[in-house]
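Student: Could you pick one part of this model and walk me through it closely? I'd like the geometry with its cut-offs, please.

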Amino acid sequence: MQLTRVDDRVQVVTGTNVNWILVTDGEAVTLVDAGYPNDAKALLASLDAIGRRPGDVQAVLLTHAHLDHMGGIPALRARHDVPVLTGEEEARHARREYVEQITPLEMLAQCGTRAGRRWVRQTLAAVLPKASMSIADVTGVPAGVPLDLPGGPVPVATPGHTRGHTAWLLPSSGVLLTGDALVTAHPLSRLGTRPQLLPDVFNEDRAEMVASLEAVAHLPADTVVPGHGPHHRGSLASIVAEAVAGPAGD
Ligand SMILES: [Zn+2]
């Protein structure tokens with residue numbers, strides 16, 4: 001686990017090739033995403049590292065219902081029953097009314113390269129034996145309406161990676177938590193560390209991702225905190241332009 005301070009109220013934590021974000025307001029915390037199932041210990045340790053407890057978490061916000069972003073939620077909720085919120089469409093995904101996730105066969109196909117084999121090994125270790133889960137009582141929230149939670153997060157519809165993918169704007173920090181709509185690195189990317197889209201094997205609809213990003217490029221943010229890779233500062237418009245202009249990652 002690696003903990004990086006973005007500003008006084010926003011810390012990004014990196015678990016198994018994936019980030020979650022702790023947004024504080026006094027003692028209270030908003031958690032955004034929760035790592036893989038086997039990142040649960042690291043998730044709890046990250047709260048401890050900033051002097052907070054599970055009971056200080058007011059809500060978990062999900063960018064999307066992939067296992068590497070919601071895996072730690074049951075362990076947190078076993079200690080403190082906390083609501084889980086995401087965009088209205090993504091809530092259906094979190095309830096597993098349908099599944100949009102890389103399949104075992106698609107994972108296997110990554111084993112043709114050394115980096116791919118390493119990623120598959122790390123991913124299986126981070127997931128098994130909890131390779132499927134759902135959140136039956138997730139709450140869907142409408143896009144654009146700020147929540148009364150630490151950081152005043154605003155859900156931003158960014159479909160494409162998944163149908164209901166939801167980024168979160170933290171207006172007072174000028175931070176956009178982009179989840180997997182825009183990342184800055186990934187073990188399967190050949191683009192190194194820079195704003196980019198995830199390789200297409202992970203995405204439901206790349207064209208929709210690009211349209212989503214272009215639609216949010218005007219938001220008042222000068223820092224992007226992605227689901228994968230380090231946070232990145234700069235005008236959101238230029239970060240988006242760099243990501244969508246880049247070559248496809250696979
Ligand atoms: Zn992810």
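Tutor: Here's a look at the metal site, followed by the helix pair that comes after one of its loops.
First, the ground rules: this is a predicted model, where local features need pLDDT of at least 70 and side-chain atom pairs count only at 80 or more, while totals for chains, interfaces and linings use all residues. Residues are numbered from 1 along each chain as its sequence is written, and side-chain values use heavy atoms, with hydrogens and water left out.
The zinc ion takes its protein donors from Asp68 (OD), His69 (NE2), Asp180 (OD) and His228 (NE2), at 2.1 to 2.3 Å. Donors here are N, O and S atoms within 2.8 Å of the metal (3.2 Å for Na, K and Ca), and water isn't among the atoms, so sites may look incomplete. Angles among the 4 donor atoms run from 90 to 163°, and the site is classed as irregular. That label covers anything that is not tetrahedral (four donors, all angles between 85 and 135 degrees), square planar (four) or octahedral (six), the last two needing opposite donors over 155 degrees apart and all others between 65 and 115.
Along the chain, the donor spacing reads D-H-x110-D-x47-H. Asp68 sits in helix 2 (residues 67-70) and Asp180 in the loop between strand 10 (175-179) and helix 7, so this pair, 112 residues apart, links distant parts of the chain. Helices (H or I, at least four residues) and strands (E, at least two) are DSSP runs, numbered from the N terminus.
Now follow that loop into helix 7 (residues 206-216), which packs on helix 8 (residues 236-245) at about 165°. The two are therefore roughly antiparallel, a term for angles over 145 degrees. Val210, Leu213, Glu214 and Val216 of helix 7 meet Leu236, Val240 and Val244 of helix 8, contact meaning heavy atoms within 4.5 Å.

Conventions. Axes fitted to C-alpha atoms, helices over the stretch in contact; angles between N-to-C directions. Parallel < 35°, antiparallel > 145°, perpendicular 65-115°, else oblique.
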